[in-house]
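Work through the exercises below with the sequence and the structure side by side. Try each task before you read its solution.

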Amino acid sequence: MTASAEELKPEDEEQRIAVRCKVCGSWLTDPASVALRIGPKCSRHGGVH
Ligand SMILES: [Zn+2]
């Protein structure tokens, strides 16, 4: 494993940050979802299931 390239291997940063969805509690892996602290599915529902 080459941990020198952080920008070239997105899979290598799977445990770089661990954020869970504030709605359902699912682990978020997408940068966009992590930034919002909410999953894409919950975000579309506006946080209401
Ligand atoms: Zn969610």
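The exercises go from the whole chain to a single residue of this predicted model.

**Exercise 1.** Find how many helices and strands the protein has, and state the pattern they follow along the sequence.

*Solution.* Begin by counting the elements, which gives 2 helices and 2 strands. Then read along the sequence, where these elements appear in the pattern β-β-α-α.

**Exercise 2.** Determine which element has the lowest mean pLDDT and which has the highest.

*Solution.* Start with the protein as a whole, whose mean pLDDT is 75, with 55% of its residues reaching 70 or more. Next, turn to the elements, among which helix α2, covering residues 40-44, has the lowest mean pLDDT, 87, while strand β2, covering residues 27-28, has the highest, 92.

**Exercise 3.** Decide whether V19 is buried, partly exposed or exposed.

*Solution.* First locate V19, which lies in strand β1, residues 19-20. Then count its surroundings: there are 15 other C-beta atoms within 10 Å of V19. Because a buried residue needs 20 or more such atoms and an exposed one has 12 or fewer, V19 is partly exposed. For the wider setting, buried residues make up 10% of the 49 residues in the protein.

**Exercise 4.** Identify which residues V19 touches, not counting those up to four places away in sequence.

*Solution.* With those sequence neighbours set aside, the residues that V19 touches are L28, V34 and R37. As a further step, take D30, which is 11 residues from V19 along the chain, and find that the C-alpha atoms of the two are separated by 9.8 Å.

Methods:
Residues numbered from 1 in each chain as written. Predicted model: local features only at pLDDT ≥ 70, side-chain atom pairs only at ≥ 80, totals over all residues. pLDDT = per-residue confidence, 0-100. Helix = DSSP H or I, 4+ residues; strand = E, 2+ residues; numbered from the N terminus. Contact = placed C-beta atoms within 7 Å.
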